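Please look over the sequence and the model below before reading on. The paragraphs that follow go from the sheet to the helices, then to a pocket and two single residues.

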Amino acid sequence: MGVRLEKPWLTLDPELVAKLPGQLGVFQLANENHEVVYIGFAGGRSLFGLKGELANWLGRWPFFRVEVNMAYRTRYRELLMAHFSDHGCYPTENTAEETAGLGRLSLTALTKIAVKTKVGS
């Protein structure tokens, strides 16, 4: 699994949201141009999990994608840091309170690291 959430975008409509699992995980919302505008999560206190969290956003943004993940807090923070690394800012709908205290990822540096392996093993 890569750092970025690269699943296909789905239309944020009531019928599709109703079919989502009531599980823990992370999600992204996007505008008409598929630009991420919000990164969120469904945690232990979320009523109906991902289904409930996304139902709160119906009618506000056209697209979403989800990832079921039991380590939702860590993955949520990782996605926010990856977004900052790629764009130099956080998604427009995420608040300063949500992004406070986050570290920084250098994702471009990760692709340039050469992996050395033992020859003959």
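Which residue in strand 3 is the bridge partner of A30? The partner of A30 is V36. This pairing belongs to a predicted model, and the strands around it are a convenient place to start.

Strand 2 covers residues 25-30, and its antiparallel pairing with strand 3 runs over 6 bridges. While A30 is bridged to V36, G25 stands opposite A42 of strand 3. The two strands form a hairpin with 5 residues between them. Within this hairpin, H34 adopts a positive phi near 60 degrees.

The hairpin is part of an open sheet of 4 strands, ordered 1-4-2-3, with antiparallel pairing. The edges are taken by strand 1, residues 10-11, and strand 3, residues 36-42, each of which pairs on one side only. Although strand 3 is an edge strand, it is mostly covered, with 6 of its 7 residues buried. In a regular strand, the side chains point alternately to the two faces of the sheet.

Next, the helices. The protein contains 5 helices along with the 4 strands, and along the sequence the elements follow the pattern β-α-β-β-α-β-α-α-α. Helix 3, residues 72-87, lies across strand 2, strand 3 and strand 4, the last of these spanning 63-68. The angle between helix 3 and strand 3 is about 170 degrees.

For the protein as a whole, 38% of the 121 residues are buried. Taking contacts between residues at least 6 apart in sequence, 68% join residues at least 24 apart.

Where is empty space left? Rolling a probe the size of a water molecule over the atoms shows this. The largest pocket holds about 320 Å³ of space. It is lined by 19 residues, of which Q28, E35, V36, H83 and H87 are the closest to its centre. V36 is also the residue bridged to A30. Strand 3 and helix 3 each contribute at least two residues to the lining, and helix 3 gives the largest share, with 5 residues. By character, the lining divides into 8 nonpolar, 6 polar and 5 charged residues.

Two single residues complete the tour. T99 lies in helix 4, which spans residues 96-99. Is T99 buried or exposed? T99 counts as buried because its relative accessibility is 12%, and the cut-off for buried is under 20%. Setting aside neighbours within four places in sequence, T99 is in contact with L80, Y90 and N94. Among these contacts, L80 falls within the 72-87 range of helix 3.

K7 is located in the segment before strand 1. Its relative accessible area is 40%, so K7 is partly exposed. Beyond neighbours within four places in sequence, K7 is in contact with R65, V66 and E67, and strand 4 covers 63-68. How many residues apart in sequence are K7 and V66? They are 59 residues apart in sequence, and their C-alpha atoms lie 7.6 Å from each other in space.

Definitions and conventions: Residues numbered from 1 in each chain as written. Predicted model: local features only at pLDDT ≥ 70, side-chain atom pairs only at ≥ 80, totals over all residues. Heavy atoms only, no water. Pairing = 2+ DSSP bridges. Contact = heavy atoms within 4.5 Å. Axes fitted to C-alpha atoms, helices over the stretch in contact; angles between N-to-C directions. 1 Å grid on protein atoms, 1.4 Å probe; cavity = no way out; pocket = protein on both sides within 12 Å on 5 of 7 lines; lining within 4 Å. Points joined across faces, edges and corners; volume = space filled by probe spheres on them. Nonpolar A, V, L, I, M, F, W, Y, C, P; charged D, E, K, R; others polar. Buried < 20%, exposed > 50% of the residue type's maximum accessible area, 1.4 Å probe, protein only.
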